[in-house]
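Subject: Handover of a structure and findings

Dear colleague,

Please find below the structure that I am handing over to you. My findings follow it.

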Amino acid sequence: MRKIAALALLGFALMPAPVWSQANLRPDSNLRVPPQPGQSLPYEDALFLKEAALASRGQAELGRLAAEKAPDDALRTLAQRIADTHKTLGNELERLSSSRTLPPASQLKPEEADRFGAAGAVTNPANAREDLTAKAVQSLSGASGEAFGKAYVEAQLRLHDRLVDLYQTEASNSPDRELSTFAITSLVAIQKDRDALRQMAGRFGIETHREGQAIQYGDPAKAR
């Protein structure tokens with residue numbers, strides 16, 4: 001299983017530089033092992049499922065806001081595309097979660113992600129905050145027109161950096177072949193959406209760094 005996962009990751013690493021160069025991976029502090037019969041999924045894998053599902057649900061709300069408030073059809077189309085991506089991911093995450101024995105929900109606290117491993121934190125424990133998407137929705141609710149467009153793209157750039165980190169870390173560390181494969185293949189759509197957001201950024205005067213930039217954490221409504 002490890003050989004298969006290694007080969008899959010090698011293939012992913014050979015993708016063009018803009019796709020892979022954003023990786024900010026840190027190995028889990030505790031090596032994950034596949035659960036034995038009757039055991040629950042490793043904590044980090046379960047946290048990934050929870051955090052990824054929350055992010056995808058939040059994208060549905062961001063898409064709804066953009067449909068109402070975006071200043072032009074181009075941004076509305078992009079927002080709908082991102083929402084569609086996460087509708088697909090959300091359905092698959094629900095299936096993956098329902099087919100596995102998960103630890104008690106009370107144990108899946110994102111603030112503990114850095115202590116237990118990298119699944120929810122990756123390069124910085126602040127990245128594990130569950131409320132990133134919710135805060136972005138809240139900050140965008142009062143905006144409209146051009147101001148909304150700029151704030152939406154800024155927020156999505158930050159959220160997509162987090163998503164790339166989250167999915168890359170799961171792909172690198174999970175002993176669950178199905179989960180690691182899902183994370184790798186899902187990154188293709190997530191990276192494409194982030195590339196489209198970066199292309200849209202210039203329209204609103206937002207500067208972005210395309211390769212090799214360490215992610216800076218803070219207000220999820222502001223681009224790095």
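I begin with one of the helix pairs. Helices α4 and α8 pack at an angle of about 170°, and their axes are 11 Å apart. An angle over 145 degrees counts as roughly antiparallel, and α4 and α8 are therefore roughly antiparallel to each other. On the α4 side, the contact is made by Ala-74, Leu-75, Leu-78, Arg-81, Ile-82, Thr-85, Leu-89, Glu-92, Leu-93, Arg-95 and Leu-96. On the α8 side, the residues are Glu-178, Leu-179, Phe-182, Ser-186, Ala-189, Ile-190, Lys-192, Asp-193, Ala-196, Leu-197 and Met-200. By class, the residues of the contact of α4 with α8 divide into 14 nonpolar, 2 polar and 6 charged.

Please note that this is a predicted model, and that the values in this message are computed from it.

**Overall composition**

The protein has 8 helices and 0 strands, which gives the pattern α-α-α-α-α-α-α-α when read along the sequence. Of its 224 residues, 48% are buried. Among the contacts with a separation of 6 or more, 81% are accounted for by residues 24 or more positions apart.

**The pair α3 and α7**

A second packing concerns helix α3 (residues 43–69) and helix α7 (residues 145–173), which meet at an angle of about 165° with their axes 11 Å apart. Helices α3 and α7 are therefore roughly antiparallel to each other, and their crossing is left-handed. From α3, the residues in the contact include Phe-48, Ala-52, Ala-55, Gln-59, Leu-62 and Leu-65. From α7, they include Phe-148, Tyr-152, Gln-156, Leu-159, Leu-163 and Leu-166. The contact of α3 with α7 has 12 nonpolar, 4 polar and 6 charged residues.

Which residues does Gln-156 touch, leaving aside its neighbours within four places in sequence? Gln-156 lies in helix α7 and is buried, with a relative accessible area of 0%. Its contacts are Gln-59, Leu-62, Ile-82 and Leu-197. Of these, Gln-59 and Leu-62 are among the α3 residues that meet α7, while Ile-82 of α4 and Leu-197 of α8 take part in the contact between those two helices. Gln-156 is thus in contact with residues that also appear in the two helix pairings described above.

**Salt bridges**

The structure holds 13 salt bridges. Three of them are set out here.

- Glu-68 and Arg-64 form a salt bridge in which the closest N and O atoms are 2.8 Å apart. The two residues are 4 residues apart in helix α3 and are separated by about one helical turn. Glu-68 is exposed, at a relative accessible area of 52%, whereas Arg-64 is partly exposed, at 37%.
- Arg-95 and Glu-92 form a salt bridge with the closest N and O atoms 2.5 Å apart. They lie 3 residues apart in helix α4 (residues 73–98), so that about one helical turn separates them. Arg-95 is partly exposed at 37% relative accessibility, and Glu-92 is partly exposed at 27%.
- Asp-161 and Arg-194 form a salt bridge whose closest N and O atoms are 2.6 Å apart. Asp-161 lies in helix α7 and Arg-194 in helix α8 (residues 177–201), so the pair ties together parts that are 33 residues apart in sequence. Are these two residues buried or exposed? Asp-161 is buried, with a relative accessible area of 3%, and Arg-194 is buried as well, at 1% relative accessibility.

Glu-92 and Arg-95 also belong to a network of salt bridges that links them with Arg-100, Asp-176 and Glu-178. Among the members of this network, Glu-92, Arg-95 and Glu-178 are also listed in the contact between α4 and α8.

**A further buried arginine**

Arg-198 is found in helix α8 and counts as buried, at 6% relative accessibility. The C-alpha atoms of Arg-198 and Glu-154 are separated by 9.4 Å, although the two residues are 44 residues apart along the chain.

Yours sincerely,

A colleague

Notes
Residues are numbered from 1 along each chain as its sequence is written. This is a predicted model: local features need pLDDT of at least 70, side-chain atom pairs count only at pLDDT 80 or more; totals for chains, interfaces and linings use all residues. Side-chain values use heavy atoms; hydrogens and water are left out. Axes are lines fitted to C-alpha atoms, for helices over the stretch in contact, and angles run from 0 to 180 degrees between N-to-C directions. Angles under 35 degrees count as roughly parallel, over 145 as roughly antiparallel, 65 to 115 as roughly perpendicular and the rest as oblique. A crossing is left-handed if the near helix is turned anticlockwise from the far one by less than a right angle, and right-handed if clockwise. Contact means heavy atoms within 4.5 Å. Ala, Val, Leu, Ile, Met, Phe, Trp, Tyr, Cys and Pro count as nonpolar, Asp, Glu, Lys and Arg as charged, and the others, Gly among them, as polar. A salt bridge is a side-chain nitrogen of Lys or Arg within 4 Å of a carboxyl oxygen of Asp or Glu. Buried means under 20% relative accessible area, exposed over 50%, partly exposed in between (1.4 Å probe, protein chains only).
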